[in-house]
Amino acid sequence: MAGLPMEHERVGESLGLEIEKKLKLEKSTLYGYCFRIARTEASVLRSKCAQYIELSTQRSGVLFTTRKMREMSEKIRDLSEEYDHTQSALVKEVIGIVASYFPILEVFNGMLAHLDVLVSFAHASAHAPVAYTKPKIIPQGLGDLVLINARHPCLELQDDVSFIPNDVEIIRTKSDFQIITGPNMGGKSTYIRQIGVVVLMAQIGCFVPCDEAEIPIFDCILARVGAGDSQLKGVSTFMAEMLETASILKCATKDSLIIVDELGRGTSTYDGFGLAWAISEFITTRIQCFCLFATHFHELTALSKQIERVKNLHVTVELEKNTETPDITLLYKITPGVCDQSFGIHVAELANFPNTVVKLAKRKAIELEHSDESIPKNQLYKEAIQYGSKLIEEFMMEFGKVNQLSNISEIQQKINQMKQQYQTRVNQNAWLIENLNTL
């Protein structure tokens with residue numbers, strides 16, 4: 001490469017051309033290193049054609065070379081090829097050496113990942129609001145699921161939450177199918193989900209948010225929770241729920257843990273209840289695995305009378321009845337038994353529904369409850385409607401006579417007499433009371 005500038009200067013002096021302005025040294029992809037001059041300067045080559053070799057004439061100028069320049073260009077090309085070949089061989093050799101370390105690095109990477117997981121488990125267990133405990137793991141297919149003061153690991157971390165723990169006791173063949181009832185926002189979903197999270201944490205090797213824990217190994221945790229559709233696939237919310245449930249029924253074994261939250265709410269009440277009952281009976285009689293079933297279908301709790309391994313639980317609620325509008329206090333404690341009533345309308349009150357909407361909802365709920373009860377009670381309610389209608393008609397006819405009085409004091413006295421006369425009979429008529437409460 002050092003000879004190229006010297007040859008450049010020599011040719012410039014020979015042709016009488018300035019090397020920086022008129023005589024250019026270039027590297028062509030076709031000819032290698034060569035010289036270029038403008039076409040207007042090409043006449044200087046013709047007078048010394050024996051010394052210079054003209055290569056080609058282009059728009060940018062005339063390309064030419066000398067014998068010495070050609071020799072140096074060929075030598076540079078040969079050296080470049082040799083360099084590339086040697087460099088390629090060195091690269092292959094380096095890659096081969098590095099590849100020999102790959103198995104060791106792969107094992108080291110796995111060890112670091114494993115250590116990272118264990119350190120994360122330890123950090124979460126030690127820095128929780130209440131330290132986690134080491135669970136007792138029972139072989140698959142044996143033992144019961146027992147948790148003392150179980151908590152949800154995510155909810156208890158929130159600053160504004162004072163989490164209320166619950167005990168869990170699921171005994172194999174005796175209470176391995178548990179139905180949880182209670183009001184909305186009462187903690188049913190949190191209860192069944194925290195059990196699934198605790199089981200998962202135990203099986204991946206982490207301490208669990210409990211005071212004590214005995215957990216059998218499950219082959220899978222199958223959950224049907226939440227609600228959502230897939231408009232792009234043309235799948236409705238209820239269809240998505242049915243597809244997931246069908247998958248659970250096909251995949252579950254006697255060593256599985258099934259968690260179901262509000263199954264059947266996406267269709268009519270009777271269809272939803274029918275499906276919930278059939279699915280529950282299939283799980284507890286055919287699959288016979290551990291299952292937690294949260295529902296608002298209180299009629300489903302009757303399954304415990306037919307199948308011994310079904311146990312009913314409910315979320316405790318404190319209802320204040322002394323006030324005009326009963327208030328509810330959610331205690332978030334799970335206790336044995338059945339929730340004796342629904343609290344959907346009370347929750348609507350907590351959400352600040354308009355008072356007229358709440359009253360109308362209560363009236364319609366009572367009507368539906370009466371319509372679903374036995375025939376004698378339904379007949380009594382119909383009689384109450386008939387008697388109440390006659391009482392209203394009688395009151396209006398008598399009230400019409402008040403207009404015939406001219407003295408204001410007499411009108412006021414007559415109205416007070418009518419009020420005392422009808423008050424007792426109105427209070428004894430359930431239909432009239434319901435309608436007056438909606439006003």
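**Figure 1. Helix 6 and helix 7 side by side in this predicted model.** Here we look at helix 6 (residues 237-251) and helix 7 (residues 269-287), whose axes come within 12 Å and cross at roughly 10°. Angles under 35 degrees count as roughly parallel, and the two helices are therefore roughly parallel to each other. On the helix 6 side, the residues making the contact are Phe-238, Met-242, Thr-245 and Leu-249. Helix 7 meets them with Leu-275, Ile-279, Phe-282, Ile-283 and Ile-287. Sort this contact by class and you get 8 nonpolar residues, 1 polar one and no charged ones.

**Figure 2. Glu-262, in the loop leading from strand 11 to helix 7.** This loop follows strand 11 (257-261), and Glu-262 sits in it ahead of helix 7. The backbone is worth a look: Glu-262 has a positive phi of about 60°, even though it is not a glycine. Most residues other than glycine have a negative phi. Is Glu-262 buried or exposed? With a relative accessible area of 10%, Glu-262 is buried, given that the cut-off for buried is under 20%. For orientation, an unreviewed UniProt entry places the feature "domain: DNA mismatch repair proteins mutS family" at residues 256-272. In the model, that span is 24% helix and 29% strand, and its end C-alpha atoms lie 24 Å apart.

**Figure 3. Gln-288, in the loop after helix 7.** Moving past helix 7, we reach the loop that runs on to strand 12 (290-294), and this is where Gln-288 is found. Gln-288 is not a glycine either, yet its phi is positive, at about 60°. Its relative accessible area is 37%, so Gln-288 is partly exposed.

**Figure 4. Ser-73 in helix 3 and the residues it touches.** Ser-73 belongs to helix 3, which covers residues 67-99. What does it touch, once residues up to four places away in sequence are set aside? The list is Tyr-31, Gly-32 and Tyr-33. Ser-73 counts as buried because its relative accessibility is 9%. The unreviewed UniProt entry lists residues 62-89 as "coiled-coil region", along with residues 401-428. In the model, residues 62-89 are 82% helix and 14% strand, with the end C-alpha atoms 40 Å apart.

**Figure 5. Glu-214 in strand 9 and its contacts.** Strand 9 takes in residues 212-216, Glu-214 among them. Leaving out residues up to four places away in sequence, Glu-214 touches Lys-136, Ile-138, Asp-144, Leu-145 and Val-146. Its relative accessible area comes to 34%, so Glu-214 is partly exposed. To get a feel for distances here, compare Glu-214 with Ala-202: they are 12 residues apart in sequence, and 9.6 Å separates their C-alpha atoms in space.

**Figure 6. Stepping back to the chain behind the close-ups, with its 13 helices and 14 strands.** The chain has 439 residues, and 33% of them count as buried. Take the contacts with a separation of 6 or more: residues 24 or more positions apart account for 64% of these. As for the surface, the chain exposes about 27,200 Å², and carbon and sulfur atoms supply 57% of that area.

How values were computed: Residues are numbered from 1 along each chain as its sequence is written. This is a predicted model: local features need pLDDT of at least 70, side-chain atom pairs count only at pLDDT 80 or more; totals for chains, interfaces and linings use all residues. Side-chain values use heavy atoms; hydrogens and water are left out. UniProt positions are given in the numbering used here, feature names are shortened, and annotations may be inferred rather than shown by experiment. Helices (H or I, at least four residues) and strands (E, at least two) are DSSP runs, numbered from the N terminus. Buried means under 20% relative accessible area, exposed over 50%, partly exposed in between (1.4 Å probe, protein chains only). Contact means heavy atoms within 4.5 Å. Accessible areas come from the Shrake-Rupley method with a 1.4 Å probe; for residues, only the protein chains shown count as cover. Axes are lines fitted to C-alpha atoms, for helices over the stretch in contact, and angles run from 0 to 180 degrees between N-to-C directions. Angles under 35 degrees count as roughly parallel, over 145 as roughly antiparallel, 65 to 115 as roughly perpendicular and the rest as oblique. Ala, Val, Leu, Ile, Met, Phe, Trp, Tyr, Cys and Pro count as nonpolar, Asp, Glu, Lys and Arg as charged, and the others, Gly among them, as polar.
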